Structures are given as C-alpha cells and as structure tokens.
Amino acid sequence: MTEPSGRRERKKAATRQKIADTALRLFLKRGYDAVGIRDVAAEADVAVTTVFAHFASKEALVFERDQDFEQRLTRAVTDRPPLEPLIPALHREVQALVRHCTAEGSAPVRRMIEGSPALREYEESMSLRHAQALAVALAADPHLSRSATACRATARFAIDAYALACRADDPEATVDEVFRMIKAAWEATAP
C-alpha cells in the first residue's frame with residue numbers, strides 16, 4: 001500500500017489503521033457477532049461516524065486491505081513491462097498475496113471468516129468485484145488481444161486460485177496448479 005504523503009493523509013491513514021486493528025482485536029477476542037460498531041468506536045476512542053467515514057460496513061473492518069489487494073492485482077497487469085508475459089506476472093502477484101493470507105497468525109482470522117455467514121458473503125462479493133476489476137485491466141491492455149470472455153474467465157480463475165490456496169494444506173502448490181490451468185486456457189484463446 002502506498003504511504004500517504006501529507007500530514008492530513010498520514011493522520012487519516014493512522015486513524016483508519018487504528019480502527020481496523022482495534023476491530024480485529026475485539027472480533028478475535030469476543031467473537032465477530034458479539035462486537036458492534038459502537039464497541040469498536042469506543043475502544044478505538046473515535047466517534048461512530050469516524051468508523052463509518054473509513055469503513056462502509058462492519059464486514060469491511062475485517063477486510064481492511066481490500067482496496068490494496070485489488071490494486072496489486074490490477075497493477076500486476078498494468079505495471080508489467082510491455083513484453084513481459086501476463087500469466088507469470090499475475091502468478092507471482094497471486095503467490096505473494098497468498099503468502100500474506102497464510103502468514104503466521106492468520107489462521108484465527110481465517111477461522112473467524114469461515115465461521116461467519118456475513119463475512120463469507122462479504123468475502124464472496126469482494127472476490128467478484130476484484131475479478132471484475134482484473135478483467136477490466138486485462139481487456140484494456142492492447143498487447144493482450146483476448147476476448148472479453150477470456151479476460152473475465154482468467155480474472156475469475158486468478159481470484160479463485162487465491163481463495164483456494166488460502167484454504168489449502170499446500171498453498172504454493174495450489175497456486176502453481178491452478179496457474180498451470182490458467183496458462184493453458186489463456187494460450188488456447190490466443191488469436
């Protein structure tokens with residue numbers, strides 16, 4: 001995530017992070033359903049309106065890195081050198097994102113998400129949004145020349161590779177396996 005440049009932006013980012021950290025700590029300690037927005041605001045020493053100024057919903061507090069995740073995926077497409085093949089660049093980025101979701105200490109958060117229908121539903125809607133953003137980036141790249149369907153399918157498969165790997169016994173092998181299929185499908189759609 002890029003660092004905010006001005007003092008005001010740094011203060012806003014620090015407040016946002018403080019709220020997110022407080023919420024996650026409370027959710028893990030008391031349980032997601034037992035903690036309300038007012039509890040988070042009180043513990044973070046901010047107004048409820050401040051919480052909602054930074055997060056659209058209670059679920060968004062759990063997925064506070066959502067925007068960064070989407071940007072990293074789309075930048076894997078848009079920021080790669082012109083002649084660098086797409087699939088290896090996307091594979092590397094998904095692998096890096098998976099390392100974060102499977103890092104030490106992430107298991108309690110994953111269990112909390114899996115145990116909450118609201119969080120699972122929110123996560124699924126995020127995945128669809130990420131896939132859409134990635135598909136748009138793929139379709140906009142003039143060097144790729146693939147159909148909209150190929151771009152949407154590839155984007156969805158990349159997001160699914162992440163989701164499957166975050167729940168797998170061997171996350172790296174899972175990403176590698178799914179990306180072998182993605183590469184084959186991408187090559188099959190070449191003009």
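A helix here is a DSSP run of H or I with at least four residues, numbered from the N terminus. By that rule E9 is in helix α1. I will come back to E9 after the overall picture.

What you see above is a predicted model. The chain has 10 helices and zero strands. Going along the sequence, the pattern is therefore just α-α-α-α-α-α-α-α-α-α. The C-alpha trace spans about 55 × 40 × 25 Å along its principal axes. There are 191 residues in the chain, and 42% of them count as buried. On contact order: take the contacts between residues at least 6 apart in sequence, and 68% of those join residues at least 24 apart.

Two annotations come from UniProt, both from an unreviewed entry. The record places "domain: HTH tetR-type" on residues 13–73. In the model, that stretch is 75% helix and 0% strand, with 22 Å between its end C-alpha atoms. The record also lists a "DNA-binding region" at residues 36–55. Over residues 36–55 the chain is 75% helix and 0% strand, and the end C-alpha atoms are 13 Å apart.

Back to E9. With a relative accessible area of 41%, E9 is partly exposed. A polar atom of its side chain lies 3.2 Å from the backbone nitrogen of G6. E9 and K58 are 49 residues apart along the chain, and their C-alpha atoms are separated by 23 Å.

K58 has a contact of its own to report. Which ring does the charged end of K58 sit over? The ring is that of Y32, and the charged end is 4.3 Å from the ring centre. Y32 is also part of an aromatic pair. A search of the whole structure finds three aromatic pairs. In one of them, F27 with Y32, the ring centres are 4.9 Å apart and the planes are at 65°, so the pair is edge-to-face. The cut-off for that label is over 60 degrees. F27 and Y32 are both buried.

Next, helix α7, residues 107–114. Which of its residues are buried? The buried ones are V109, R110, M112 and I113. Looking down the axis of α7, these buried residues fall within an arc of 160°, so they line one face of the helix. The general background is that an α-helix has 3.6 residues a turn, so residues three or four places apart point the same way. The buried residues of α7 pack against three helices: α1 (7–30), α4 (58–62) and α8 (117–140).

R110 deserves a closer look within α7. Why does R110, an arginine, go on the buried list? Its relative accessible area is 18%, and the cut-off for buried is under 20%, so R110 counts as buried. Its side chain makes a polar contact with the side chain of E123, at 2.7 Å. Leaving out residues up to four places away in sequence, R110 touches E123 and R167.

R167 also gives a distance to L90. The two are 77 residues apart in sequence and 20 Å apart in space, C-alpha to C-alpha. L90 lies in helix α6, residues 86–101. Buried or exposed? L90 is buried, and its relative accessible area is 0%. Setting aside neighbours within four places in sequence, L90 is in contact with L73, A76, L134, A158 and F179.

Last, two backbone angles. Most residues other than glycine have a negative phi. D45 has a positive value, with phi near 60°. Where is D45? D45 sits in the loop between α2 (37–44) and α3 (48–54). D45 is exposed, with a relative accessible area of 66%. S145 also has a positive phi, near 40°. S145 lies in the loop between α8 and α9 (148–166). With a relative accessible area of 45%, S145 is partly exposed.

To recap: the model is predicted, with 10 helices and zero strands. The buried residues of α7 line one face of the helix, and one of them, R110, has a polar contact to E123. K58 sits over the ring of Y32. D45 and S145 are the positive-phi residues I covered, D45 with phi near 60° and S145 with phi near 40°.

Definitions and conventions: Residues are numbered from 1 along each chain as its sequence is written. This is a predicted model: local features need pLDDT of at least 70, side-chain atom pairs count only at pLDDT 80 or more; totals for chains, interfaces and linings use all residues. Side-chain values use heavy atoms; hydrogens and water are left out. Buried means under 20% relative accessible area, exposed over 50%, partly exposed in between (1.4 Å probe, protein chains only). Helices (H or I, at least four residues) and strands (E, at least two) are DSSP runs, numbered from the N terminus. The arc is that of the directions from the helix axis to the C-beta atoms. Contact means heavy atoms within 4.5 Å. UniProt positions are given in the numbering used here, feature names are shortened, and annotations may be inferred rather than shown by experiment. A polar contact is a pair of N or O atoms within 3.5 Å; within protein, one must be able to donate a hydrogen and the other to accept it, and residues adjacent in sequence count only if both atoms are side-chain atoms. Rings of Phe, Tyr and Trp (its six-membered ring) pair if their centres lie within 6.5 Å; planes under 30 degrees apart count as stacked, over 60 as edge-to-face and the rest as tilted. A charge sits over a ring if NZ of Lys or CZ of Arg is within 6 Å of the ring centre and within 35 degrees of the ring normal.
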